[in-house]
Amino acid sequence: MKISIGEHFKLPLMGKDVFIKLTREVGLKYDSKEGFMITPKTRLDILVPLLREALKEDVSFVLKCFICGKTTPCETCVYNAVCDRKSVSPACICDFCMVKKDAFPLYTEKFTEVSE
Amino acid sequence: MWTEKYRPSSLAMLVGNEEARLGFLKWLKAWKVGGKAALLVGPPGIGKTATVHAVARELSYSIIELNASDIRTKDKLDRALGPSVYNQALIGKSLILLDEVDGIFGRADYGGMDFVMELMENTSVPLVMIANAQDNIKIKKIAHKAETFRFQRIPPRLVELYLRGILAKEGKQLDEKTMQAVVAQSKGDVRSAINDLQAAVLGQLKIEFESSERDRSATISQSFQQLFDASNPADALMALSSAEMDPKGKIETVFSSLVTSSLDVEHLSNALDTVSRADQIIGRIQRTQEWRQLRYFDVMLAMGLFYAIKGCKVQFNDDAIPWDLKLRLWNEAKYFAQIGRTFGSMFGTSRKQFSAVFLPYFAMIITATKDGDQKLERIGIDESVRKVLLKEGKKILEALK
């Protein structure tokens, strides 16, 4: 399962106990319509093993590229070890956009486009 | 300074916190008299103040800026802001910016909080507040009544994107590893990343990605030992900056390490002079609440210390009391407590005050007095206590000679 930082995500029904753990111990934000969301208070170190165990599948995080809108995996990022994903702002830049020579102008153009 | 040179000229020139920046732009565009105030919260160096300035520029607002830490009391705030708050015609299209608003609500809050709450409801111009602490109860109270925009640290890749933009404008290059180390070390603080980038480009900072990660996990003692053993000023600065400790703590640790190491008088005097100047900077910052000056603190202390102790061996020690003195204090503490209790009541003062203020003079006088020991015995002082008191008096008299 890939969890996009800064966006809501849904989980299958996993029982009351797991839900309580996710919202109280792990610190996930829950909205009955939108689903779960990672906040700066979320304990990612507990979340990953808990979901792995409950879902019986691997769990990884992704950030959304602000320029192209595609999700970019955190595992392969060179800053994976130093990026505190739960306390950084949600948009990032994917490898493809990063290597472009005009990456920064593209970023500012995109921001201007969104702000208009 | 590149931080000044590349101060963002427009909102689009900032990186990260896209949602918060857009939200603030939308808020100011839509603001009408009677509208909510805005609160921007988040850690330092991530573009809160720059966002306000950029948005104000884009929407042609002039800014009446107050560093709220300077004006903690209701009276001072009222005097500084009064006319602008209630008369829009007088000041034109302006917004009020209260930077570092958490500074108002320290222990010495003399009505500042009430004034801000009142201001939020009655202002005729947009009121924007900036705070670093989000968990402060009073900030939460403000956040409840204001439109709150939460700013988060900038993802490392966006910091790198921003730094690459600067390098392109400067026509400079930096190897991949150093760039990654600068980004990793910044921990999402763009301002500090730009400073490190400039230092790295100018060759004043040599760091490696692997070592920067290692340094982060290094303990405080390791950081300080690296500072004392540094072979060049840049390493000294790196070591001091990596010690995760507040400035006062850094001063105390450097001081205790210096005084407990066997430095010769000249080196010790020069090093203590640096510590003293660093302490003065902190004192000045606390007085004026100009916390921005803190950015010079590490540089000043690390550089000064590097040249002061060059070629000398200083050992990390976070305890300023030398071992022999500590041993004496343990052994004689109960006697000093007894002296304080006995003579404190005789002199009509507390035990603590007698020990702290009168004891040295009393010990000196009684030692210099003829038959001092017998006089003490006559008023019922134990032999062991008398011995300690006379020994102390003797030491003081010798020191005075």
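Below, a trainee and a mentor talk through a predicted model of two chains, A and B.

Trainee: Let's start with the helix pairs. Why are α14(B) and α15(B) called roughly antiparallel?

Mentor: Their packing angle is about 165 degrees, with the axes 10 Å apart. Angles over 145 degrees count as roughly antiparallel, so α14(B) and α15(B) get that label. As for handedness, α14(B) passes α15(B) in a left-handed crossing.

Trainee: Which residues make that contact?

Mentor: From α14(B) you have Pro247(B), Lys248(B), Ile251(B), Val254(B), Phe255(B) and Leu258(B). On the α15(B) side they are Leu268(B), Ala271(B), Leu272(B), Val275(B), Ala278(B), Asp279(B) and Ile282(B). Sorted by class, that contact has 11 nonpolar residues, no polar ones and two charged ones.

Trainee: And what makes α8(B) and α10(B) oblique?

Mentor: The axes of α8 (156–170) and α10 (190–201) of chain B come within 10 Å and cross at roughly 45 degrees. Roughly parallel needs an angle under 35, and roughly perpendicular starts at 65. The α8(B) and α10(B) pair fits neither, and therefore counts as oblique. Their crossing is right-handed.

Trainee: What meets what there?

Mentor: Val159(B), Tyr162(B), Leu163(B) and Ile166(B) of α8(B) meet Val190(B), Ala193(B), Ile194(B) and Leu197(B) of α10(B). By class that gives eight nonpolar residues, no polar and no charged.

Trainee: On to single residues. Why is Ser355(B) called partly exposed?

Mentor: Count its neighbours: there are 18 C-beta atoms inside 10 Å of Ser355(B). Buried takes 20 or more and exposed takes 12 or fewer, so Ser355(B) with its 18 falls in between and counts as partly exposed.

Trainee: Where does Ser355(B) sit, and what does Ser355(B) touch?

Mentor: Ser355(B) lies in α18 (351–368) of chain B. Leaving out residues up to four places away in sequence, Ser355(B) touches Phe336(B) and Gly340(B). Also, Ile339(B) is 16 residues from Ser355(B) in sequence and 7.8 Å away, C-alpha to C-alpha.

Trainee: How do you know whether Asp95(A) is exposed or partly exposed?

Mentor: Asp95(A) has 13 C-beta neighbours inside 10 Å. Exposed stops at 12, so Asp95(A) with 13 counts as partly exposed. Asp95(A) is part of α3 (95–98) of chain A. Its C-alpha lies 9.5 Å from that of Pro73(A), with the two positions 22 residues apart in sequence numbering.

Trainee: What makes the length of α16(B) close to the expected one?

Mentor: This helix, residues 297–308, has 12 residues, and the expected span at 1.5 Å a residue is 16 Å. From first C-alpha to last, α16(B) reaches 16 Å, close to that expectation. The helix α2(B), residues 18–30, can be checked likewise: with 13 residues, α2(B) reaches 18 Å, close to the 18 Å expected.

Trainee: Which residues of α16(B) are buried, and what covers them?

Mentor: The buried ones are Asp298(B), Leu301(B), Ala302(B), Gly304(B), Leu305(B), Phe306(B) and Ala308(B). Their cover includes α12 (220–229), α13 (233–242), α14 (247–260) and α15 (265–288) of chain B.

Trainee: And what do the buried residues of α2(B) pack against?

Mentor: Those are Glu18(B), Ala20(B), Arg21(B), Phe24(B) and Leu28(B). They pack against β6 and α4 of chain A, together with β1 (38–41), α3 (48–58) and β5 (147–150) of chain B.

Trainee: That brings in the interface. How many residues does each chain bring to the contact?

Mentor: Chain A brings 23 residues and chain B brings 25. On the chain A side, β6 (91–92) and α4 (103–115) each supply at least two residues, and α4(A) has the largest share, eight residues. By class, the chain A side has 18 nonpolar residues, five polar and no charged.

Trainee: Finally, what is the overall make-up of each chain?

Mentor: Chain A has four helices and six strands, running β-α-β-β-α-β-β-β-α-α from the N terminus. Chain B has 20 helices and five strands. Buried residues come to 27% of the 116 in chain A and 35% of the 401 in chain B.

How values were computed:
Residues are numbered from 1 along each chain as its sequence is written. Chains are lettered from A and ligands numbered from 1 in the order in which they are written. This is a predicted model: local features need pLDDT of at least 70, side-chain atom pairs count only at pLDDT 80 or more; totals for chains, interfaces and linings use all residues. Two residues are in contact if their C-beta atoms, placed from the backbone, lie within 7 Å. Ala, Val, Leu, Ile, Met, Phe, Trp, Tyr, Cys and Pro count as nonpolar, Asp, Glu, Lys and Arg as charged, and the others, Gly among them, as polar. The expected span of a helix is 1.5 Å times one less than its number of residues. Axes are lines fitted to C-alpha atoms, for helices over the stretch in contact, and angles run from 0 to 180 degrees between N-to-C directions. Angles under 35 degrees count as roughly parallel, over 145 as roughly antiparallel, 65 to 115 as roughly perpendicular and the rest as oblique. A crossing is left-handed if the near helix is turned anticlockwise from the far one by less than a right angle, and right-handed if clockwise.
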